[in-house]
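Please study the sequence and the three-dimensional structure shown below. The exercises that come after it are each followed by a worked solution.

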Amino acid sequence: MDMKRRIALAAALLAVGLGAGHFVQNRAAEEKLAAQREAAVKVKSTSVVPLAAESDPAPIILTRPAAEVPAAPMLTPQPDSTPAKIAPPAMPQDTAPTQAEACPVTLDLAAKDHAMLGLTLLAPCQPDARVVIKQGGLAVTGKTSATGALFLDLPAMTTDGTVTVKLADGTRVEATRPMPEVAGLRRFAVQWLDADAFQLQAFENGADYGQPGHVSANAPHTPVPGKPLTGGFLSLLGDDSVDLPMLAEVYTFPANGMPDVVVEAVVTDATCGRELLGETVASVGGQSDSSELTLAMPDCAAKGDILVLKNLVSGTKLATR
């Protein structure tokens, strides 16, 4: 009985083993077939195109069958909402010369007889212009011509001979011409503004009004060029045709001379009843010194009278005539 059970059990175990082997074999065959089908599908749907080797590595490019590539949608370009940056136009280079370059102002000085400075001013872009000329305490106005030129003889008050000219637009020029000769002369000047008029009178060798030794605006005794001085002479300076004219009279005489010099002011409609303001400038040994001059004029009932200032070198004395 035990033998029968053992044979039956062995037969059953053999049957189970055969069945399991068959099952395993079939299962392996099916998995192999499925793997082959999946590989075939992958090979069919995707192909890898190798690239030629380059010095720099490049990405692999994948291509798909045309049937599987969807058509790319047509895109309409949209305007850029960001405003375009426009470069500013290039500024043209200003190559035109400035007025100072196109119309230079020049000032030249020349030494002349009797310590006079020959002044030449050229300002081609400033015709008929008011100018102020300064030298050694003197300050007078001038006026350029229609071509912007000005020629003037100016008594040097100092040995350095520095002259400054200022034009109406503010342009300022300066020049220097040493004038050692002025140290051997003496000069006395009176200067004023506009209607505050003064007159300078000099009396040489005891002369009186109207006599040969009387030097004035009516008899300036202008020296002869190239000849030495035998007495004094008067220079009338300033242009009274410009606005706010600055005028002066300068008396020049030898350093050893002893003239009597006076300053006068006439009582007129323009000067009566007010104060006149002026300035005196004295040049001795090539050095100049300035002093203010103030004169209270009588009322207009005294029109025609003349106030006389005497002893201006050592002091001031007032008289009338």
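The following exercises treat strands, disulfides, aromatic pairs and single residues in turn.

**Conventions**

Residues are numbered from 1 along each chain as its sequence is written, and side-chain values use heavy atoms, with hydrogens and water left out. The model is predicted: local features need pLDDT of at least 70, side-chain atom pairs count only at pLDDT 80 or more, and totals for chains, interfaces and linings use all residues.

**Exercise 1. Determine which strands pair with strand S11, and state whether S11 is enclosed.**

Solution.

Step 1. Recall the terms: helices (H or I, at least four residues) and strands (E, at least two) are DSSP runs, numbered from the N terminus. Two strands pair if DSSP finds at least two bridges between them. Strands of a sheet pair through backbone hydrogen bonds, either parallel or antiparallel.

Step 2. Strand S11 comprises residues 199-203. Five bridges connect S11 with strand S15 (residues 260-266), and the two run antiparallel. Within S15, Val261 is the bridge partner of Ala202.

Step 3. S11 also pairs with strand S12 (residues 214-215) in the antiparallel sense, over two bridges. Here Ala202 stands opposite Val215.

Step 4. Apply the accessibility classes: buried means under 20% relative accessible area, exposed over 50%, and partly exposed in between (1.4 Å probe, protein chains only). Four of the five residues of S11 are buried, so the strand is largely enclosed by the rest of the structure.

**Exercise 2. Describe the open sheet that contains S5, and identify its edges.**

Solution.

Step 1. The open sheet has four strands in the order S6-S5-S8-S9, with antiparallel pairing.

Step 2. The edges are strand S6 (138-143) and strand S9 (172-176); each has a single partner strand, so one side of each is left without a neighbour in the sheet.

Step 3. On average, neighbouring strands of this sheet are turned by 20° against each other, direction ignored. For such angles, axes are lines fitted to C-alpha atoms, for helices over the stretch in contact, and angles run from 0 to 180 degrees between N-to-C directions.

Step 4. Six bridges hold the antiparallel pair of strand S5 (residues 130-135) and S6. In this pair, Val131 stands opposite Gly142 of S6.

**Exercise 3. Locate the disulfides and describe the surroundings of their cysteines.**

Solution.

Step 1. A disulfide is a covalent bond between the sulfur atoms of two cysteines. The criterion used is a pair of cysteine sulfur atoms within 2.5 Å. The structure holds two disulfides.

Step 2. Cys103 and Cys125 form a disulfide with their sulfur atoms 1.6 Å apart. This pair links distant parts of the chain, 22 residues apart: Cys103 is in the loop between helix H2 (99-102) and strand S3 (106-112), and Cys125 is in the loop between strand S4 (116-122) and S5. Cys103 is buried because its relative accessible area is 16%, whereas Cys125, at 34%, counts as partly exposed.

Step 3. Cys272 is joined to Cys300 by a disulfide (S to S 1.8 Å). This link is right-handed, with 60° about the S-S bond. Cys272 lies in the loop between S15 and strand S16 (275-284), and Cys300 in the loop between strand S17 (287-296) and strand S18 (306-310), so the pair ties together parts that are 28 residues apart in sequence. Cys272 is buried at 9% relative accessibility, while Cys300 is partly exposed at 38%.

Step 4. With bonded cysteines counted along the chain, the pattern is 1-2, 3-4.

**Exercise 4. Classify the aromatic pair of Trp192 and Phe198, and that of Phe203 and Tyr209.**

Solution.

Step 1. Rings of Phe, Tyr and Trp (its six-membered ring) pair if their centres lie within 6.5 Å; planes under 30 degrees apart count as stacked, over 60 as edge-to-face and the rest as tilted. By this rule the count comes to three aromatic pairs.

Step 2. The ring centres of Trp192 and Phe198 are 6.5 Å apart and their planes lie at 65°, so this pair is edge-to-face. Trp192 is buried at 10% relative accessible area, and Phe198 is buried at 1%.

Step 3. Phe203 and Tyr209 form an edge-to-face pair, with 4.7 Å centre to centre and 75° between the planes. Phe203 is buried at 8%, whereas Tyr209 is partly exposed at 34%.

**Exercise 5. Decide whether Ser235 and Asn218 are buried or exposed.**

Solution.

Step 1. Ser235 is found in strand S13 (residues 233-237). Its relative accessible area is 8%, so Ser235 is buried.

Step 2. Asn218 lies in the loop between S12 and S13. At 77% relative accessibility, Asn218 is exposed.
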